[in-house]
Amino acid sequence: MTGQASPETPTKSILELLPEELPGEGYRKAQIAHWLYAKGVQDFAEMTDLPKALREALAREWRLLEFSLVQAYPSQDGSVKYLFTLLDGQRTEAVYMPYQNRKTVCLSSMVGCPAGCTFCATGALGFGRNLTAAEILGQLLAIAHHQGISPREIRNVVLMGMGEPLLNLKNVLKAIRILLHPQGLAMSPRRITLSTVGIPKGIYRLAEEDLGVRLALSLHAPDDETRKAIIPTAHRYPIAEIMEAVRHYYAKTKRRVTFEYTLLKGVNDHPWQARLLAKLLKGLSAHVNLIPFNPWEGAPVAGTPKAGVLAFAEALRRLGVPVSIRWSRGQDVGAACGQLALKTPKALTPLPEGAGR
Ligand code: SAH
Ligand code: SF4
């Protein structure tokens with residue numbers, strides 16, 4: 001639909017380069033960066049203030065498109081699920097959420113995910129491969145292009161799509177650097193949130209990089225026994241070790257950490273777990289984001305009913321824990337948290353080329 005690459009695509013992607021690494025001398029680099037990230041063009045031929053010969057040379061040397069196919073599935077609530085076919089034929093997904101004048105994209109860092117959390121449709125897919133920095137950034141650029149907006153109009157990025165970003169940290173960091181760069185997407189670090197299942201080494205590394213991005217920790221249980229039953233990586237990384245890394249991240253960056261907690265019926269929604277959670281978060285400037293479970297076909301777990309979600313939230317509130325509930329969007333097109341599984345909704349047809357402009 002948009003951003004289709006041809007078979008003789010160059011092997012090097014220009015989206016792997018920081019603005020200062022772009023081809024040419026100072027002013028040229030700035031011109032190209034402006035076309036890529038402010039204008040969001042998807043073709044070197046459209047960089048009309050560059051000499052034609054240069055545009056042709058750039059197109060011969062550099063790839064600008066990372067997908068052979070981009071399909072969009074609009075939800076009734078305004079979010080849009082995007083399905084990307086990568087140049088090797090594998091696929092990944094992202095979600096566009098244009099609510100309340102805050103345009104947000106949820107990006108993937110992998111094809112599938114190796115972590116295998118029981119409640120997550122992406123986990124059930126298994127691991128395909130890591131995405132490159134260009135493929136991560138390319139999701140945002142393709143969405144902006146399809147929506148007919150400048151990539152810079154997208155002011156919020158959440159790395160909460162497919163995959164575990166801290167297990168693909170090198171590529172994720174490169175993509176974040178281009179998002180933050182004044183000649184890239186010029187984003188504010190506090191508007192980028194990286195969500196992780198809890199890989200301590202990755203959290204320390206992210207703290208070292210000191211990029212100022214927000215961290216969201218998918219805790220989902222305050223006790224190791226429950227956590228191990230739903231999150232396989234919990235066998236390697238006990239809660240105490242993860243909390244130590246999170247405390248370090250907070251001390252180093254002064255960024256309030258969000259704890260994500262998907263409520264599963266009879267698994268992690270007991271009153272004693274609310275009390276233990278409050279105890280665990282004491283002294284941390286933490287915020288709990290409760291996520292009602294988003295169902296998917298074949299899921300081996302069930303969500304806590306709405307009344308239980310409200311009760312768990314109230315219990316936390318009474319214990320002094322700041323809490324919000326993330327009622328999910330995009331369920332009708334399989335775009336809600338944990339539903340990304342490369343399944344295109346049957347009832348909906350993709351938007352026609354250029355729709356939404
Ligand atoms: N791998 C990262 C980021 C992607 S998942 C992580 O796990 O944090 C984004 C959030 O959605 C995580 O908190 C994840 O646990 C949650 N999630 C996964 N499946 C879900 C489902 N079916 N319903 C609700 N939340 C889910
Ligand atoms: Fe991977 Fe996150 Fe899904 Fe777990 S919840 S399987 S870490 S994407």
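This report describes the overall form of a predicted protein model and the surroundings of four of its residues.

**Overall form**

The protein contains ten helices and 14 strands. Its C-alpha trace extends over about 70 × 45 × 35 Å along the principal axes. A compact globule of 357 residues would be expected to have a radius of gyration near 21 Å, and the value for the protein, 21 Å, therefore agrees with that expectation.

Of the 357 residues, 56% count as buried. Among contacts in the protein with a separation of 6 or more, 66% are accounted for by residues 24 or more positions apart. The accessible surface amounts to about 15100 Å², and carbon and sulfur atoms contribute 53% of that area. The protein carries 43 positive and 31 negative charges, and the mean positions of these two sets are 6 Å apart.

**Four buried residues**

The table gives the relative accessible area of each residue considered below.

| Residue | Relative accessible area |
|---|---|
| Ser-108 | 0% |
| Tyr-82 | 0% |
| Tyr-261 | 1% |
| His-181 | 16% |

His-181 has a relative accessible area of 16% and is classed as buried because the cut-off for that class is under 20%.

**Ser-108 and Tyr-82**

Ser-108 is located in the loop that links strand 6 (102–106) to strand 7 (110–112). A polar atom of the Ser-108 side chain lies 2.5 Å from the backbone oxygen of Glu-93. Beyond its neighbours within four places in sequence, Ser-108 is in contact with Thr-92 and Glu-93, with Leu-131, Ile-136 and Gln-139, with Gly-161 and Met-162, and with Leu-340.

Tyr-82 belongs to strand 4, which covers residues 80–86. The side chains of Tyr-82 and His-146 are joined by a polar contact of 2.7 Å. Apart from neighbours within four places in sequence, the residues in contact with Tyr-82 include Val-70, Gln-71 and Ala-72, together with Ala-94, Tyr-96, Ile-143 and Gln-147. Thr-92 and Glu-93 are also in contact with Tyr-82, and both of these residues are in contact with Ser-108 as well. Val-333 lies 251 residues from Tyr-82 along the chain, and the C-alpha atoms of the two residues are separated by 10.0 Å.

**Tyr-261**

Tyr-261 is part of strand 12, residues 257–263. The Tyr-261 side chain reaches the backbone oxygen of Asn-268 at 2.7 Å. Asn-268 is also one of the residues that Tyr-261 touches when those up to four places away in sequence are not counted. The others are His-220, Ala-221 and Pro-222, then Gln-273 and Leu-277, the run Val-288, Asn-289, Leu-290 and Ile-291, and Phe-312. Of these, Ile-291 is 30 residues from Tyr-261 in sequence, with a C-alpha to C-alpha distance of 5.8 Å.

**His-181**

His-181 occupies a place in the loop between helix 5 (169–180) and strand 10 (192–196). When residues up to four places away in sequence are not counted, His-181 touches Pro-19, Glu-20 and Ala-186.

Note on methods:
Residues are numbered from 1 along each chain as its sequence is written. Chains are lettered from A and ligands numbered from 1 in the order in which they are written. This is a predicted model: local features need pLDDT of at least 70, side-chain atom pairs count only at pLDDT 80 or more; totals for chains, interfaces and linings use all residues. Side-chain values use heavy atoms; hydrogens and water are left out. Helices (H or I, at least four residues) and strands (E, at least two) are DSSP runs, numbered from the N terminus. The radius of gyration is taken over C-alpha atoms; the globule rule is 2.2 Å times the number of residues to the power 0.38. Buried means under 20% relative accessible area, exposed over 50%, partly exposed in between (1.4 Å probe, protein chains only). Contact means heavy atoms within 4.5 Å. Accessible areas come from the Shrake-Rupley method with a 1.4 Å probe; for residues, only the protein chains shown count as cover. Lys and Arg count as positive and Asp and Glu as negative; His and the chain ends are not counted. The place of a charge is taken as NZ of Lys, CZ of Arg, CG of Asp or CD of Glu. A polar contact is a pair of N or O atoms within 3.5 Å; within protein, one must be able to donate a hydrogen and the other to accept it, and residues adjacent in sequence count only if both atoms are side-chain atoms.
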